[in-house]
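User: I am new to this structure and would be grateful for a close look at a single part of it. Please examine the largest pocket and the elements around it, and explain what is found there.

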Amino acid sequence: MAAAFGGDYLRQFVEETSWYNEIFLGHVVPGDWWRGLSHPLQSWLRNCLGGYLIYFACGFLWCFVIYYWKRHAFIPKDSIPTVEAMKKQIIVASKAMPLYCALPTISEHMVESGLTQCFFNISDVGWARYLTYVALYLIFVEFGIYWMHRELHDIKPLYKYLHTYHHIYNKENTLSPFAGLAFHPLDGILQAIPHVFALFLIPTHFRTHIALVFIEAVWTTNIHDCIHGKVWPVMGAGYHTIHHTTYRHNYGHYTVWMDWMFGTLREPEDILKKD
């Protein structure tokens with residue numbers, strides 16, 4: 001879509017991401033050395049440092065709330081993960097972060113080059129079409145992540161060499177918000193790639209895409225805290241904890257709908273009744 005408007009239109013995307021780089025790197029990185037980097041490298045550095053910031057801010061804040069400040073309200077004492085388990089999760093996620101952040105950097109470059117269906121202003125399409133496109137984007141991402149996640153289990157080499165790194169955390173007392181990004185780098189990229197594929201198929205508002213990727217990083221923290229929020233149809237931590245303990249259920253991401261449609265849904269209440 002963007003390519004049809006020509007170079008002046010595409011320049012808006014470059015100016016937008018340059019502004020992100022200026023605002024974030026200018027306040028976070030000491031000195032001006034980063035200004036000598038190429039635009040894609042600046043964007044990668046911004047995504048990488050931003051990824052670390054979101055990961056540690058959300059992780060430490062949420063761990064403080066649920067394990068210390070409100071520990072008796074949410075988590076039984078025997079379900080609190082050890083500090084050692086959380087350290088291992090932090091190490092795995094920290095090593096993978098630079099590679100994770102190559103994906104949004106490449107997708108931004110493709111947007112800036114006019115290779116996607118992204119548009120810059122909501123007024124370019126109108127509110128009705130914008131909301132329709134957001135709904136289609138979310139459905140596509142939900143479908144894509146469900147099947148990518150499921151195949152990472154069903155295709156044995158993918159599970160053995162990639163996804164098993166994440167599934168060593170298979171009990172409530174080994175799961176924590178820090179487990180949310182503790183993946184093999186390629187595993188994390190594969191599960192996030194539906195966000196990129198959507199840009200080629202569905203007209204997408206660029207800033208909305210950036211916001212949804214940001215929400216993605218926050219969401220992964222939430223669904224590994226073992227707290228069942230009981231907000232239907234949200235695929236919250238209660239559902240995802242079952243996934244980590246049974247390996248065969250609840251592959252979905254934001255909602256329960258894909259698991260319901262394809263027969264892999266298991267309700268937290270079912271576990272409680274069984275117990």
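Analyst: Helix H9 contributes the most to the lining of the largest pocket, supplying eight residues. The model under discussion is predicted. H9 spans residues 206-222, and it is one of several helices that each supply at least two residues of this lining. The others are helix H1 (7-28), helix H2 (39-69), helix H4 (83-100), helix H5 (102-112), H6 and helix H8 (185-201).

The space in the largest pocket amounts to about 1000 Å³. Its lining comprises 41 residues, and those closest to the centre of the pocket are Pro104, Val213, Phe214, Glu216 and Ala217. Divided by class, the lining holds 22 nonpolar, 16 polar and three charged residues.

Several of the helices that line the pocket also take part in contacts between distant parts of the chain. An aromatic pair offers one example. Phe13 and Phe206 are arranged edge-to-face, with 5.5 Å from centre to centre and 85° between the planes. Because Phe13 belongs to helix H1 and Phe206 to helix H9, this pair ties together parts that lie 193 residues apart in sequence. Phe13 and Phe206 are both buried.

A second edge-to-face pair is formed by Tyr55 and Phe178, at 5.6 Å centre to centre and with 70° between the planes. Here, too, distant parts of the chain are linked: Tyr55 is in helix H2, while Phe178 is in the loop between helix H7 (156-161) and H8, 123 residues apart. Tyr55 has a relative accessibility of 2% and therefore counts as buried, the cut-off being under 20%. Phe178, likewise at 2% relative accessibility, counts as buried. Ring pairs join Tyr55 and Phe178 with Tyr52, Phe56 and Phe60 in a cluster. In total, the structure contains 18 aromatic pairs.

Helix H8, another contributor to the pocket lining, includes Ile189. The C-alpha atom of Ile189 is separated by 5.8 Å from that of Tyr100, although the two residues are 89 apart along the chain. When residues up to four places away in sequence are left out of the count, Ile189 touches Leu99, Tyr100 and Leu103.

The largest cavity may be considered next to the pocket. Rolling a probe the size of a water molecule over the atoms shows where empty space is left. The structure holds one cavity of 30 Å³ or more, and the space in the largest cavity is about 40 Å³. Its lining is made up of Phe119, Tyr130, Tyr133, Val134, Tyr137, Pro203, Thr204, His205 and Thr208. Two elements give two or more residues to this lining, namely helix H6 (127-154) and strand E2 (204-205). H6 gives the most, with four residues, and H6 is also among the helices that supply at least two residues to the lining of the largest pocket. By class, the cavity lining has six nonpolar and three polar residues, and no charged residues.

Finally, the record places an annotation on part of the chain. An unreviewed UniProt entry lists residues 134-264 under "domain: Fatty acid hydroxylase". In the model, this span is 59% helix and 2% strand, and its end C-alpha atoms lie 26 Å apart.

Methods
Residues are numbered from 1 along each chain as its sequence is written. This is a predicted model: local features need pLDDT of at least 70, side-chain atom pairs count only at pLDDT 80 or more; totals for chains, interfaces and linings use all residues. Side-chain values use heavy atoms; hydrogens and water are left out. UniProt positions are given in the numbering used here, feature names are shortened, and annotations may be inferred rather than shown by experiment. On a 1 Å grid over the protein atoms alone, a cavity is a set of points where a 1.4 Å probe fits but cannot get out, and a pocket is an open set with protein on both sides within 12 Å along at least five of seven lines; lining residues have an atom within 4 Å of a point. Grid points are joined across faces, edges and corners, and a volume is the space filled by probe spheres set on the points. Ala, Val, Leu, Ile, Met, Phe, Trp, Tyr, Cys and Pro count as nonpolar, Asp, Glu, Lys and Arg as charged, and the others, Gly among them, as polar. Contact means heavy atoms within 4.5 Å. Rings of Phe, Tyr and Trp (its six-membered ring) pair if their centres lie within 6.5 Å; planes under 30 degrees apart count as stacked, over 60 as edge-to-face and the rest as tilted. Buried means under 20% relative accessible area, exposed over 50%, partly exposed in between (1.4 Å probe, protein chains only).
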